[in-house]
Amino acid sequence: MSRQRSMEAILASEYVSIGELVRITGSRYSTLKHYTEEGMLPFEQAEENLTRRYLREETVARILWIKELKANGLSIPQIKEAIGLQ
């Protein structure tokens, strides 16, 4: 079982986990997992433990953008198109 990093450590690091993205953005884990599966949140996967790592600044900015698009009534396919995935 791993320990949770402090918010200070999370905000100082280049890469974060999906759980840490939940803490930073206030999003639900299932929502971020869905966005990841839809290819909307790029990640790197470390070979040794298969943990997905997200670039903190880039991914937080994208999540906030997705939230804004969603608040404006766009569907997932429309959001994917808006962020250049389709």
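Tyrosine 54 is buried in this predicted model, its relative accessible area coming to just 1%. That puts the residue under the 20% cut-off for burial. Phenylalanine 43, by contrast, counts as partly exposed because its relative accessibility is 33%, a value that falls between the 20% and 50% limits.

These two residues make up the one aromatic pair in the structure. The rings of phenylalanine 43 and tyrosine 54 sit 6.0 Å apart, centre to centre, with 55 degrees between their planes, so the pair goes down as tilted. Distant parts of the chain are linked this way: phenylalanine 43 belongs to the loop between helix H3 (29-37) and E2, while tyrosine 54 is in strand E3, 11 residues apart. Phenylalanine 43 also has a charged neighbour, with arginine 52 lying over the face of the ring at 4.6 Å from its centre. A similar arrangement turns up at tyrosine 15, where arginine 53 lies over the ring face, 3.9 Å from the centre.

As for the sheet, it is open and built from three strands in the order E1-E3-E2, with antiparallel pairing. Strands E1 (15-16) and E2 (44-45) are the edges; each has a single partner strand, so one side of each is left without a neighbour in the sheet. E1 and E3 (residues 52-55) run antiparallel and are joined by two bridges. Tyrosine 54 comes up again here, standing in E3 opposite valine 16. Helix H4 (residues 56-71) packs on the sheet and touches both E1 and E3, its direction making about 80 degrees with that of E3.

Note on methods: Residues numbered from 1 in each chain as written. Predicted model: local features only at pLDDT ≥ 70, side-chain atom pairs only at ≥ 80, totals over all residues. Heavy atoms only, no water. Pairing = 2+ DSSP bridges. Helix = DSSP H or I, 4+ residues; strand = E, 2+ residues; numbered from the N terminus. Contact = heavy atoms within 4.5 Å. Axes fitted to C-alpha atoms, helices over the stretch in contact; angles between N-to-C directions. Phe/Tyr/Trp six-rings, centres within 6.5 Å; stacked < 30°, edge-to-face > 60°. Buried < 20%, exposed > 50% of the residue type's maximum accessible area, 1.4 Å probe, protein only. Lys NZ or Arg CZ within 6 Å of the ring centre and 35° of its normal.
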